[in-house]
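Q: Please take a close look at one part of this structure, and explain in a connected way how it is built and what surrounds it. I am new to this structure, so a formal account that names each residue and chain would be welcome.

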Amino acid sequence: MKTFNIQTYKNLIKEVGGLTVENSFLFLGKVQETFGCVPREVVRDVAMKTGFSEARIYGALTSYRDFKVGRE
Amino acid sequence: MKETKLLTRWVGKYEPLDLKGYEAHGGLAALKRALAMGPESIIEEIKRAGLVGRGGAGFPTGPKWAMVAGEKQGQKYLICNAEEGEIGTFKDKVLLDGDPWMVLEGILIAACAVGAEKTYIYINGEYDQTVELWESLVVEARKAGLLGDNILGSKISLDLQVVKSKGLYITGEEFALISSLEMRRAASRLKPPYPTEKGLFGRPTVVNNVETLANVPVILAEGVEAYRKLGVADEPGTRLFSLSGDVKKSGVYELEIGSGTLAEFINEFGRGTASGRPIKTVQPGGGTSRFLARDSLKCKLTAKDIRQAGSGIGTAGVIVYEEGKRAVDIVKELMEFYGFESCGRCAPCRIGVVRMKEIIDKVFQGEGTNEDLEQLRQIGKACVAVSTCGMGQAFPLPILSALELFPQDFEAAIEKVSE
């Protein structure tokens, strides 16, 4: 498990071929597996890039057992 | 009674990532034929073959595809449901690990038939290695020109995304699965509209089980007539049965539909019960199917016969319980799982599952009363009657049938207190 750093995060985006509405769930799964949680700045970034509201992403993630959302 | 290897004929015969090995066994012939045939004829063949879904609900595959293929404009999606969270079911893993190219071929043919350009495979989160395998498989497939633009020189473009499920049983339900991909809480929805009308991102979506899709290349390669020779008239083909519970040899076995009885299957493939005691009861269709008493095990292995015997074939996960286990213990064990899996979308399931678990725990601890059992029956019946999705309609079934079949077990558990 790695600590969050922006380069690894950018590489992850490249790996899934760009962040879109259609692969956001899959992408956040990868973020969770790489960093052990989904940091709040990632939630914000995904919200910005996909157009989902931050609340929707936060609400979805916290309902799944295998996701952890990082503290502010 | 013996195994009929049709879907599992190449399982383990080649290295999972070795496309050449798959082709050497005769793979990809079906896909090439399908690309030459065109969508309408593929759907026609599948309809003629009489393929029904193997995921539990048993919806005919051909008509489902026709509904989505009928929508001519805009984006369409195809999802291969490999969530397989049902208790006592592990058949899809055999196909995903043992013969992944055949499953991929099935996905590609289905996508061509319905005209879906984006496809997903949604794999159970506990199958870590399977997910890794499939991620490498997609890379290999892109290299070989099976995925991407203009697959195998045709005009069709396709993309497959491997999604790992995130640890909720309910994501096996098609709308919950769709919700999770849409970045919502995994929850069921009211039907209609069905996913074939308004599915992922409001577009027509086909959701098919792994085993269903694995049947597709087999049908196209072997021909409809050869396929229909197997099985019975209403249910042609073979089925993968997962056998587990108190048997000597558990495992996944592929049987011709209707080739033998449930009792023969358990005795011949499972080699009898673990301790040699007689069978007490069997769940023929995974953890949410009704129990069958020992005398009803003479039914044939078809969906119709099992339904007539008083249960359902569901996901064909046969769980055997031997004599000496109390029904209360079995039911408690099941509720330990289902008790935490309601999505909360509709009240009967959300509240019912918790109340039923409470009552069963109470009875298990020997503090139950007759009123408790009556309440259990009432909540269960209400849940089955008014829940939105398959989970709420199905999880009370084993409890209700246990109350019917083994009232003495429950009465014995109650009597302890009154003494």
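A: In this predicted model, the C-alpha centres of domain 1 and domain 3 of chain B lie 35 Å apart. These two domains are in contact, with 12 residues taken from domain 1 of chain B and 10 residues from domain 3 of chain B. On the domain 1 side of that contact, 9 residues are nonpolar, 2 are polar and 1 is charged. The domain assignment of chain B places domain 1 at residues 19-229, domain 2 at 238-322 and domain 3 at 328-418.

The part chosen for the close look is strand β9 of chain B, which covers residues 317-322. Is this strand enclosed or open to its surroundings? Of its 6 residues, 5 are buried, so β9(B) is largely enclosed by the rest of the structure.

The sheet around this strand comes next. It is an open sheet of 5 strands, in the order β6-β5-β9-β7-β8 of chain B, and its pairing is mixed. At its edges are β6 (251-256) and β8 (292-293) of chain B, each of which pairs on one side only. In the order of the sheet, β9(B) stands between β5(B) and β7(B).

With strand β5 of chain B (residues 238-245), β9(B) pairs in the parallel sense, over 4 bridges. Two residue pairs illustrate this pairing. Ser242(B) has Gly317(B) of β9(B) as its bridge partner, and Gly245(B) stands opposite Val320(B) in β9(B). The pairing with strand β7 of chain B (residues 279-283) is antiparallel and is likewise made of 4 bridges. Here Ile279(B) stands opposite Glu322(B) in β9(B). As a general point on reading such a sheet, the side chains of a regular strand alternate between the two faces of the sheet.

Burial also marks another region of chain B, the core. The largest nonpolar core has 144 residues, and those that touch the most other members are Ile107(B), Leu108(B), Ile109(B), Ala110(B), Val114(B) and Ile121(B). Helix α6 of chain B (residues 100-114) gives the most to this core, with 12 residues. Ile107(B) may serve as an example: leaving aside residues up to four places away in sequence, Ile107(B) touches Leu78(B), Cys80(B), Thr119(B), Ile121(B), Leu160(B) and Leu213(B).

Chain B also meets chain A, in a contact that takes 14 residues from chain B and 16 residues from chain A. On the side of chain B, the elements that give two or more residues are β3 (159-164) and α8 (174-181). Of these, β3(B) gives the most, with 3 residues. By class, this side of chain B has 5 nonpolar, 4 polar and 5 charged residues.

Chain A itself completes the picture. It has 4 helices and 0 strands, in the pattern α-α-α-α along the sequence. Its C-alpha trace spans about 25 × 25 × 20 Å along the principal axes. The radius of gyration of chain A is 11 Å, which agrees with the value near 11 Å for a compact globule of 72 residues. Of those 72 residues, 24% are buried. Among contacts in chain A between residues at least 6 apart in sequence, 52% join residues at least 24 apart.

Key. Residues numbered from 1 in each chain as written. Chains lettered and ligands numbered in written order. Predicted model: local features only at pLDDT ≥ 70, side-chain atom pairs only at ≥ 80, totals over all residues. Contact = placed C-beta atoms within 7 Å. Nonpolar A, V, L, I, M, F, W, Y, C, P; charged D, E, K, R; others polar. Core = buried A, V, L, I, M, F, W, Y, C linked by C-beta atoms within 7 Å. Buried ≥ 20, exposed ≤ 12 C-beta atoms within 10 Å, placed from the backbone. Domains from an automatic or database assignment. Rg over C-alpha atoms; globule rule 2.2 N^0.38 Å. Pairing = 2+ DSSP bridges.
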